[in-house]
Structure formats: structure tokens, C-alpha cells
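Open the model in your viewer, with the sequence panel beside it, and follow the selections below in the order in which they are given.

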Amino acid sequence: MMNNTLRYTTLAAISALMFGCAQTGTPTVGGNVQYGDAKAVEQVTNEFGSTDLQTIAESMARSLGQSAAGYKSKPLVTIADVKNKTSEYIDTRSITDSIRVQLLKGGTMRFATDIAGMQNQTDELVRQNNSGMYKKSAAAKVGKMEGAQFRIEGNITSIVKRNNDMKDVYYKFSLIMTNIESGTIEWADEKEIRKTSKR
């Protein structure tokens with residue numbers, strides 16, 4: 001009798017422990033690894049970092065979204081990778097990806113396949129239409145892609161100043177949106193960031 005009671009009590013305790021751990025949602029890690037807040041201000045160095053990427057993406061997406069609000073229907077745009085004109089490595093694809101995600105979530109713009117994704121798009125159309133593995137009635141039709149009305153492109157530049165005590169880095173991120181048919185610039189904005197550190 002005592003063994004059964006002990007067994008049931010132990011099983012209940014283990015279940016409660018497992019259920020409690022599952023509810024917290026906090027990953028367990030060992031050693032010197034810990035999770036941080038992805039939105040926290042990153043101040044490890046004064047080089048381009050996650051906070052800068054988030055700040056730029058949020059600022060540009062907000063400005064573009066406000067601009068798109070003036071159109072009767074959601075503009076169909078394509079976005080090119082930002083040109084990195086700084087002296088450091090910056091993953092500009094991450095910036096454009098973040099801007100696109102925020103605009104899509106906001107429901108203000110539609111995005112056509114960009115140059116970087118066009119090969120994958122073409123390969124998929126060829127696979128569905130020429131491989132013989134798909135029903136003709138169910139395959140995506142060739143020649144049905146929509147051309148973008150607008151093209152978004154831009155660049156990021158920096159100016160770095162140093163003396164014996166301090167390093168100052170100034171970033172400027174610029175974007176423009178061009179009407180592809182008319183060639184007119186419909187929107188432009190820029191975001192500036194300055195970071196200093198003592199040496």
C-alpha cells in the first residue's frame with residue numbers, strides 16, 4: 001500500500017515538475033550561454049549592429065507606409081539590396097528583409113519578386129510546367145507574373161573620425177522609391193545614426 005502511494009506521489013510530482021517547466025517557455029542553457037532581449041539596445045561596439053538595423057528598418061517602413069497610404073490600392077513594389085558604401089561589412093539584405101516584413105505586416109504594400117529571388121521563381125515555374133510531374137490545370141501558368149509598379153533602392157554610407165581618446169561613427173541610410181514606368185522618384189527618406197566610443 002505504501003509503495004503504491006509513494007509511486008503515485010512520485011509520478012504526480014514528476015508530472016507537475018514537467019508541466020511547470022513546459023509552461024515557463026524559458027529555454028534552459030548551461031555554461032556561460034544565456035538568452036537576451038533581441039530588442040535591447042546593443043552597445044558592444046560602435047560598429048553597425050542589431051539596434052541600428054532595427055532602428056533603420058522601423059523608421060523606413062513607417063515612412064514608406066505613410067507614403068503608400070496616399071494610393072487608392074496597395075502599390076506593387078520590388079526592393080533591391082541596399083548598396084553598402086561604408087568601410088565595414090554590413091548585411092544589407094537583412095535591412096531590406098526587415099523593411100519588407102514590416103510593410104507586409106502593416107498591409108500597406110505588396111511585393112513582387114526581386115532580382116535576388118527571380119531565379120528561384122523562374123526555376124519553380126519551369127519545374128511545374130516542364131517536368132511532367134504536375135497536372136496542367138493545377139500548375140502555375142507562365143506569363144502571369146505581375147510587374148512591379150515601383151522600385152525601392154538605396155545605400156548606406158559612413159564617416160569615421162578618430163583621435164587619441166574617441167572614435168565617432170556617423171551612418172546615413174538613404175532609400176528612394178521610383179515609378180518604374182515614368183522614371184519619377186515618388187518617395188525618398190533617410191535615417192542618420194551617430195555613435196561614439198572612448199578608446
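## A tour from the last hairpin inward

In this predicted model, begin with the hairpin of β5 and β6, where 5 residues lie between the strands and glycine 183 takes a positive phi near 80°. Select next the two strands themselves, residues 166-179 for β5 and residues 185-198 for β6, which run antiparallel and are joined by 13 bridges. Within this pairing, show the side chains of methionine 177 and of tryptophan 187 in β6, since the two stand opposite each other.

Before going further, zoom out to the whole chain, in which there are 4 helices and 6 strands. Traced from the N terminus on, the elements follow the order α-α-β-β-α-β-α-β-β-β. Of the 199 residues in the chain, 30% are buried, and the accessible surface comes to about 13700 Å², with 53% of that surface belonging to carbon and sulfur atoms. If you display contacts between residues at least 6 apart in sequence, 64% of them join residues at least 24 apart.

Return to β5 and add β4 (150-162) to the selection. These strands pair in the antiparallel sense over 13 bridges, and they form a hairpin with 3 residues between them. To find one of the bridges, select isoleucine 159, whose partner in β5 is tyrosine 170.

Now keep β4 on display and look for the strands that pair with β4 in the parallel sense. One of them is β1 (76-79), which pairs with β4 in that parallel sense over 3 bridges. Here valine 77 stands opposite phenylalanine 150 in β4, while isoleucine 79 has isoleucine 152 of β4 as its bridge partner. Another is strand β2, residues 83-84, whose parallel pairing with β4 runs over 2 bridges; select asparagine 84 to see its bridge partner in β4, isoleucine 156.

Stay with β1 and add strand β3, residues 110-111, which pairs with β1 in the parallel sense over 2 bridges. The bridge partner of leucine 76 in β3 is arginine 110. With β1 selected, are the side chains on its two faces buried or exposed? Both faces are covered, with Leu76 and Thr78 on one side and Val77 and Ile79 on the other, all of them buried. As a general point, side chains in a regular strand alternate between the two faces of the sheet.

At phenylalanine 111, display the ring together with arginine 100. The charged end of arginine 100 sits over this ring of phenylalanine 111, at 6.0 Å from its centre.

The next selection is the interior. Which residues have the most contacts inside the largest nonpolar core? In this core of 27 residues, they are Leu64, Ile99, Met109, Phe173 and Leu175. The elements giving two or more residues to the core are α2 (50-68), β1, α3 (92-106), β4, β5 and β6, and α2 gives the most, with 7 residues. In soluble globular proteins, nonpolar side chains tend to be buried together.

Centre the view on phenylalanine 173 and show its neighbours. Leaving aside residues up to four places away in sequence, phenylalanine 173 touches Ile56, Met60, Val82, Ile95, Ile99, Asn155, Ile156, Asp189, Glu190 and Lys191.

From there move to serine 63, whose place is in helix α2. Serine 63 counts as buried because its relative accessibility is 14%, which lies under the 20% limit. Again without residues up to four places away in sequence, serine 63 touches Trp187 and Asp189.

For the last stop, select threonine 196, which lies in strand β6. Why does threonine 196 count as partly exposed? The reason is its relative accessibility of 48%, because residues count as buried under 20% and as exposed over 50%, with partly exposed in between. Finally, display the C-alpha atoms of threonine 196 and glutamate 47: they are 149 residues apart along the chain, and their separation in the model is 9.6 Å.

Definitions and conventions:
Residues numbered from 1 in each chain as written. Predicted model: local features only at pLDDT ≥ 70, side-chain atom pairs only at ≥ 80, totals over all residues. Heavy atoms only, no water. Lys NZ or Arg CZ within 6 Å of the ring centre and 35° of its normal. Pairing = 2+ DSSP bridges. Core = buried A, V, L, I, M, F, W, Y, C linked by side-chain atoms within 4.5 Å. Buried < 20%, exposed > 50% of the residue type's maximum accessible area, 1.4 Å probe, protein only. Contact = heavy atoms within 4.5 Å. Areas by Shrake-Rupley, 256 points an atom, 1.4 Å probe, with all protein chains shown as cover.
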